[in-house]
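Let's take a walk through this fold, one region at a time. Keep the viewer open and follow along.

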Amino acid sequence: MLPRKRDREGVTLEEEQQKKTAGASFQTKCRIGLCGSAELTATNKADSSNITIASNSSTNNRSNIASESPVMALGDSNPPDIDEDLHSRQLAVYGRETMRRLFASNVLVSGMQGLGAEIAKNLILAGVKSVTLHDEGTVQLWDLSGNFIFSENDVGKNRALASIQKLQELNNAVAVFTITTKLTQEKLSEFQAVVFTDVDLQHAIELNDYCHSHHPPIAFIKAEVRGLFGSVFCDFGPEFTVFDVDGNEPHTGIIASISNDNPALVSCVDDERLEFQDGDLVVFSEVHGMTELNDGKLRKIKSARPYSFVLEEDTTHYGTYEKGGIVTQVKQSKVLKFKPLREAIKDPGDFLLSDFSKFDRPPLLHLAFQALDKFVSELERYPIAGSEEDARKLITIAGDINEGLGDAKLDDINPKLLRHFAFGSRAILNPMAAMFGGIVGQEVVKACSGKFHPLFQFFYFDSVESLPSGPLDSSDYRPQGSRYDAQISVFGAKLQKKLEDAKVFLVGSGALGCEFLKNIALMGVSCGNQGKLTVTDDDVIEKSNLSRQFLFRDWNIGQAKSTVAVSAAKFINPQLNVDALQNRVGPETENVFDDSFWENLTVVINALDNVNARLYVDQRCLYFQKPLLESGTLGEKCNTQMVIPHLTENYGASRDPPEKQAPMCTVHSFPHNIDHCLTWARSEFEGLLEKVPTEVNAYLSNPAEYANSMISAGDAQSRDTLERVLECLDKERCEIFEDCITWARLKFEDYFAYRVKQLVYTFPEDASTSTGAPFWSAPKRFPHPLLFLASDPSHLHFVMAASILRAETFGIPIPDWVKDPSRMAAAVDCVMVPEFQPKKDAKIVTDEKATSLSSASIDDAAAISELLNKLELCQKNLSPGFRMKPIQFEKDDDTNYHMDMIAGLANMRARNYSIPEVDKLKAKFIAGRIIPAIATSTAMATGFVCLELYKVLDGGHKLEDYRNTFVNLGLPLFSMAEPVPPKLFKHQDMSWTVWDRWIIRDNPTLRELLQWLKDKGLNAYSISCGSSLLFNSLFPRHKERMDKKVVDLARDVAKLEVPPYRRHLDVVVACEDDEDNDIDIPQVSVYFR
């Protein structure tokens, strides 16, 4: 039991009668209505009769919707506080301030075909204040190819009205409205941003003029998707301020030296590379000696290098640099002057490029979209797919416009490309809508928040390489009266049949997986009689998923992701042939995903969130020679990689370098940034609350077996483990909640006072290294012990969180008064805190290469034996059946006190070392290793991948037709490139790559295998299976194996257990040619069934 003081006079620890809180009256606080100047209010009957507001009631009577005044039913719509459980991944990208600006933004999306639906979905998931859907048209069967909201039952309904209910389900905190009549300019004044996806150029110019001249300006975006071509135009007003150009944290450096020169050279420690650029503005702090730099002034740098830079300042007469100092980048806002569409259409300036192999394409597409607008205005229809006459007319119009461009005239208007443009111009393809929906959704976020650099001002894109490799005649484009007619009008009926008959394996159904399922369903992939989609994911739905995994709803929390996602996908397209599994893909499930499963696949799509799983799937695809479409996101960034048999290198052929890990001694004794503090804090949390209780239970479950395992190990680590187990059950055992408070208070003293005092006792501030250099030189920071103050809320909160969690591990009830600061402070004050006694022989690890804090000793075995004896005595004092309750770290539950304790540990340690502290949210991002994620980059990544899926399923495309992609939506930056081909090996007239696997059938003997290789000009001198050698030419006894079947040798020698679903085994063969040169050959598969 832990020691405690007696209660002070006048202080009681009995539970008080709780104060009754008055019930808060229910009030629907709308995000729209009476909450600001740019609100959506029904100001008169004429306007309100054409506006509808989503109702959460499934019994909403749509027949009366157009004639009634708007009634708002938004569920729990009290929005001002950010729901961190829901938006944690998005907060990691945007931060609180950007999220608050989004929460105050009203957005109009005009045109609810495929692109409009994607944009609205992304904005509603992001959590803007309101989204108003505008469309005067009705749903057609044609729309079902590109819009995930519509079903065949919606045909004939107004598009906006058919969309509102399903979009509202995505986020009840966002108000969703509809407008079904012609939009007036004055109506635009109610919005911070307006997006038009289906508007003619002249009308767009008029609307944009109004938005551009409005005070304040209204952000205007015009976006179009026409077949495999797309465009975006942005105008955020005459002067738009970007508060954060790239979204990165300000870069910092730890100073090692500063010269007294003009200009001065600043060198930093080589702990981490500097990320500064020439022209950056920086501030200095904590500089010793040259204190003139600590004045907080902004200073410009130049000649930025990995570990140094030049300061544009004369430091000749400054004090001499002594030690310390931090240099921090100061990010600057940027003002952009947008031109209105009326001017920009004539003088577009520089286009944002996406594919450098098409550097001349944007000016041509700028012309093409104008020509299409004129075609439609003259004929009041789009060109007919397959109509050469319509294509010629569009080409003629484009030529006429080009002739009037004067000096900007294009030398070649590329009639072949314009023909493709004309044929597909009526179609809105889902992958294009998904891709552009991500881009435009992100631009709206920028317009509403000033976060990230806007697209300035035109962006054009095409994926004409996705068209079938073979020729098509006009009949191939003919509509078939199906939901895929729009897609058929671009690709033809033959490719549509290939899509429907594809056998696809989708690995993962999280954020990427949900988007892929939607795209696959709309494209008709695996929707035919021969088609089959298999989806697997072993995870369940959590609240934090709902902000981007749009197929899930709050009532699905706790359910299997794959099951729910597949069910939602079948609502999008009931024809989808799909199986949902909950198996992890790995060696342990090869009985589920067996040889026949992989052999029957057409393509594999990865939607994974970890590298190891990706590498495993990559090896399976390599082995069975299946195309793999790979993608990933990180906040506003995304990348895609196409892995195509025999054409490209595989995913595992190139890997990112491993992340640099801080040395153990830095984390435990010499932290110099908050990441070090949080790494240490999580390690301590897991050690105290999970690992030690687990070890306690392991001992109590079987003391004899546990003791034997410790004696067998006999090392320092085992000794340390036993010491902690004994300490937990003896000196630190808790029986009542006050014991837990005592434990937490003493932990505070140990961590933040005793250990620091011991450290500075062992290494005083003036200590030197063995070379005579100052011990406390950069990047080390000299620490100072903390004095516990019950009046400091952070001190008290740490003790509260730690005591609650300690009580959980011992199964002790937690009293209600623990959350009362005054009661808690009184209880903490009763704890007896011993005086610190320094240890002269304390060993503190300073070696950066050390991998353990435990130091070996010749007495380890004796110490272990003594500890086990003490444990045996201690066990007798425990109640029968006593077990602890280990706590596994869960970052996404803000009520469990896990992050409270970790943030407390990290911030108190940061305070020891004068490191800036962080709030609980930032601590959660770092300690919880949260991957930043937003819906826009996820949607865009899957759009890119599905454009490649057309190529894969067509089957006739060349390497130069495929594209790998990297995109940073924040900058914005698009980088598309041809994939890298695989390395080619040659021998005689043969050649092979990593994709090749040599196959020998008919259950051969070892002699037959050797002869088979001999016939290829190869002399095999070694054959192995797994880790066993089946044959080596140097071993005479191996010649006795020549007439044995290879499979029998594998069973007898390698002890290989061949499962019944496996029809072959693989052997690795080392070969030479006739001139004794080693030849690397592919893996050899021996088929015996």
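A good place to drop in is Cys665, which UniProt lists under "active site" in an unreviewed entry. Keep in mind that what you're looking at is a predicted model. Cys665 sits in helix H17, which covers residues 664–669. Is Cys665 buried or exposed here? Its relative accessible area is 2%, and because anything under 20% counts as buried, Cys665 is a buried residue in this model.

Step just past that helix and you reach some ring packing. Across the structure there are 48 aromatic pairs. One of them brings Phe459 and Phe974 together in a stacked arrangement, with 4.6 Å between the centres and 20 degrees between the planes. Phe459 belongs to strand S16 (residues 458–462) and Phe974 to strand S24, so to speak two distant parts of the chain, 515 residues apart. Both rings are tucked away: Phe459 is buried at 0% relative accessibility, and Phe974 is buried at 2%.

Phe670 and Phe775 make a pair of the edge-to-face kind, 5.7 Å centre to centre with 70 degrees between the planes. Phe670 comes from the loop between H17 and helix H18 (674–701), while Phe775 comes from the loop between helix H21 (737–762) and helix H22 (793–810), so this pair ties together parts 105 residues apart in sequence. Phe670 counts as buried at 2% relative accessibility, and Phe775 does too, at 7%. Elsewhere, ring pairs join up into a cluster made of Phe196, Phe220, Phe229, Phe233, Phe351, Phe369, Phe421, Phe458 and Tyr460.

Now for the sheets. Strand S24, home of Phe974, is part of an open sheet of 8 strands with mixed pairing, ordered S19-S18-S17-S20-S21-S22-S23-S24. Which strands are at the edges? They are S19 and S24 (973–977), each pairing on one side only. From one strand to the next, the twist averages 10 degrees.

Inside that sheet, have a look at S21 (residues 628–634) and S22 (residues 637–643), which run antiparallel and are joined by 7 bridges. Along this pairing, Thr633 stands opposite Cys638 in S22. Helix H16 (residues 611–624) lies across S17 (503–507), S20 (603–606), S21 and S22, and it runs at about 165 degrees to S21.

S22 also carries Gln641, a residue that counts as buried at 13% relative accessibility. Setting aside neighbours within four places in sequence, Gln641 is in contact with Leu628, Leu629, Glu630, Glu649, Asn650, Tyr651 and Asn964. For a sense of scale, Gln641 and Asp83 are 558 residues apart in sequence and 34 Å apart in space, C-alpha to C-alpha.

Back at the S19 end of the sheet, find helix H14 (residues 561–572). Its 12 residues reach 17 Å from the first C-alpha to the last, close to the 16 Å expected at 1.5 Å a residue. The buried residues of H14 are Lys561, Ser562, Val564, Ala565, Val566, Ala568, Ala569 and Ile572. What covers them includes helix H13 (511–523), strand S18 (532–536) and strand S19 (578–581). Zoom in on Ser562, which is buried with a relative accessible area of 0%. Not counting residues up to four places away in sequence, Ser562 touches Ser509, Val535, Thr536, Asp537, Ala580, Leu581 and Gln582.

There's a closed barrel to visit as well: 6 strands running S9-S10-S13-S12-S11-S14, paired antiparallel. Here the twist averages 45 degrees from one strand to the next. Take S11 (residues 281–285) as your way in. Val282 and Phe284 make up its covered face, and Leu281, Val283 and Ser285 its uncovered one. That pattern fits a general rule: in a regular strand, side chains alternate between the two faces of the sheet. S11 is joined to S12 (residues 299–302) by 2 antiparallel bridges, with Val282 opposite Arg299. S11 also pairs with S14 (residues 326–329) in the antiparallel sense, over 4 bridges, and there Phe284 stands opposite Val327.

Last stop: UniProt, again in an unreviewed entry, lists residues 962–1084 as "domain: Ubiquitin-activating enzyme E1 C-terminal". The end C-alpha atoms of that span lie 30 Å apart, and the span is 13% helix and 35% strand.

Methods: Residues are numbered from 1 along each chain as its sequence is written. This is a predicted model: local features need pLDDT of at least 70, side-chain atom pairs count only at pLDDT 80 or more; totals for chains, interfaces and linings use all residues. Side-chain values use heavy atoms; hydrogens and water are left out. Buried means under 20% relative accessible area, exposed over 50%, partly exposed in between (1.4 Å probe, protein chains only). Two strands pair if DSSP finds at least two bridges between them. UniProt positions are given in the numbering used here, feature names are shortened, and annotations may be inferred rather than shown by experiment. Axes are lines fitted to C-alpha atoms, for helices over the stretch in contact, and angles run from 0 to 180 degrees between N-to-C directions. The expected span of a helix is 1.5 Å times one less than its number of residues. Contact means heavy atoms within 4.5 Å. Rings of Phe, Tyr and Trp (its six-membered ring) pair if their centres lie within 6.5 Å; planes under 30 degrees apart count as stacked, over 60 as edge-to-face and the rest as tilted.
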